[in-house]
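Student: I have the model open and would like to go through it piece by piece. Please start with the overall layout and then move on to the details.

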Amino acid sequence: MPELPEVETVRRGLAPVFEGGRLARVEARRPDLRFPFPPRFVERLEGQRVDTLRRRAKYLLAGLNSGETLLMHLGMSGSFRIEDGDVATPGEFHHPRSGASAHDHVVFHFETGARVVYNDPRRFGSMTLIEAGELATHPLLRDVGVEPLGPDFGAERLLALLAGARTPLKSALLDQRRIAGLGNIYVCEALHRARLSPLREAGSLSRPRARALAAAIPQVLQEAIEAGGSTLRDHRQADGALGYFQHAFAVYDREGAACRHRRCAGTISRIVQSGRSTFYCPQCQL
DNA sequence: GCTGTAACCTGTCGGC
DNA sequence: TGCCGACAGGTTACAG
């Protein structure tokens, strides 16, 4: 499911429950997700207070008062929902396509009575604990690239990140070691907005084209966050609400439809790059 | 090194 | 209606 806007939307929804909340009990209903849970996973969480809930790339990081950090990734189909005590909040939803609770793998019970349930049918998500002081060097985080919504991102940084890369621009932008948080949808959307072909060699960008792309990426992400992310199949906000950015897609999943750029008579095409669908307008994305 | 592919797992959808 | 293959928002191990 989730790219940066969806993860950020989830973070904002969970923060009021997590931040300042104390974990009274944690249920891990299976031994693993994508990876096995770390040793004594539940015991290390129970009794802890969550001080902060942050996002880095597509990861959620819950800072615990023990100094450890709970690292969570939603994979392709992961989602959280908040339940309030014995009575579901109005926003609670039964996942429409996940087969009810069969895929509720982790449940966080807070002292307030609130519960946060992690559901993940495909189990590509992951959770682990990182010890104090090891965040920067942890294998899952140490190679993660620049935050596209952060102050360090811009045209010059983008040019440096892509310099010499022979791979297609689409593939380079999906590489989390370069830019952190972009996924298939928002790479397609940002390339269309910047009028750049996904097939173009990544290292071939001129400075003006890099400026256009460096502007388009945060624009698209910010607009998606404001829309609550994109709901295709799985993504819900933590309160159960849908995201709405899918209605604003210019290219993603619009094969055969008319290009939305002014004065472009092109038709959106779908091709496959690195085994994944790319949507673009061959007429105006050069 | 860099790059592309296959694999992980489950559910959905379209075609026959 | 039922079966089968293709496909899905991500990441990583591996081969070339």
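Student: Which domains does the assignment give chain A?
Tutor: Happy to start there, with two words on conventions. This is a predicted model, in which local features need pLDDT of at least 70, side-chain atom pairs count only at pLDDT 80 or more, and totals for chains, interfaces and linings use all residues; side-chain values use heavy atoms, without hydrogens and water. Residues are numbered from 1 along each chain as its sequence is written, while chains are lettered from A and ligands numbered from 1 in the order in which they are written. With bounds taken from an automatic or database domain assignment, chain A has domain 1 (4-130) and domain 2 (155-280).

Student: How many residues does each domain bring to the contact?
Tutor: The C-alpha centres of domain 1 and domain 2 lie 28 Å apart. Counting contact as heavy atoms within 4.5 Å, the contact takes 23 residues from domain 1, and from domain 2 it takes 20 residues.

Student: Where does pLDDT stay under 50?
Tutor: Remember that pLDDT is the predictor's confidence in each residue, from 0 to 100. Chain A averages 92, with 94% of the residues scoring at least 70. The stretch you ask about has 24 contacts beyond four places in sequence in the model, and it covers residues 87-100.

Student: What is the strand order of the open sheet that contains strand 5?
Tutor: Strands (E, at least two residues) and helices (H or I, at least four) are DSSP runs numbered from the N terminus, and two strands pair if DSSP finds at least two bridges between them. This open sheet has 4 strands with antiparallel pairing, in the order 1-6-7-5.

Student: How much does this sheet twist on average from one strand to the next?
Tutor: Its edge strands are strand 1 (23-28) and strand 5 (79-84), each pairing on one side only. Angles here run from 0 to 180 degrees between N-to-C directions, with axes as lines fitted to C-alpha atoms, for helices over the stretch in contact. From one strand to the next, the twist averages 15°.

Student: Which residue is the bridge partner of Ala28?
Tutor: Look at strand 1 and strand 6 (residues 104-110), which pair in the antiparallel sense over 5 bridges. In strand 6, the partner of Ala28 is Val106.

Student: Which residue stands opposite Glu83?
Tutor: Strand 5 pairs with strand 7 (114-119) in the antiparallel sense, over 6 bridges. Opposite Glu83, in strand 7, stands Arg115.

Student: Which strands stand at the edges of the sheet with the order 2-3-4-8?
Tutor: That is an open sheet of 4 strands, again with antiparallel pairing. Each edge strand has a single partner strand, so one side of each is left without a neighbour in the sheet; the two are strand 2 (50-56) and strand 8 (126-130).

Student: What angle does helix 1 make with strand 2?
Tutor: In this sheet, neighbouring strands are turned by 20° against each other on average, direction ignored. Helix 1 packs on the sheet, touching strand 2, strand 3 and strand 4, and its direction makes with that of strand 2 an angle of about 175°.

Student: Why is the pair of Phe18 and Phe108 called edge-to-face?
Tutor: The structure holds 8 aromatic pairs, meaning rings of Phe, Tyr and Trp (its six-membered ring) with centres within 6.5 Å, where planes under 30 degrees apart count as stacked, over 60 as edge-to-face and the rest as tilted. For Phe18 and Phe108, the centres are 5.7 Å apart, and the pair is edge-to-face because the planes stand at 65°.

Student: Are Phe18 and Phe108 buried or exposed?
Tutor: Buried means under 20% relative accessible area, exposed over 50%, and partly exposed in between (1.4 Å probe, protein chains only). Phe18 has 1% relative accessibility and Phe108 has a relative accessible area of 0%. Both therefore count as buried.

Student: What is the angle between the planes of Phe80 and Tyr118?
Tutor: These two form a tilted pair, 5.1 Å centre to centre. Phe80 lies in strand 5 and Tyr118 in strand 7, so the pair ties together parts that are 38 residues apart in sequence. The angle between their planes is 55°.

Student: Which residue of the hairpin of strand 9 and strand 10 takes a positive phi?
Tutor: Strand 9 (residues 269-273) and strand 10 (residues 276-280) run antiparallel, joined by 5 bridges. Arg270 stands opposite Phe279. The hairpin has 2 residues between the strands, and the residue with a positive phi near 50° is Ser274.
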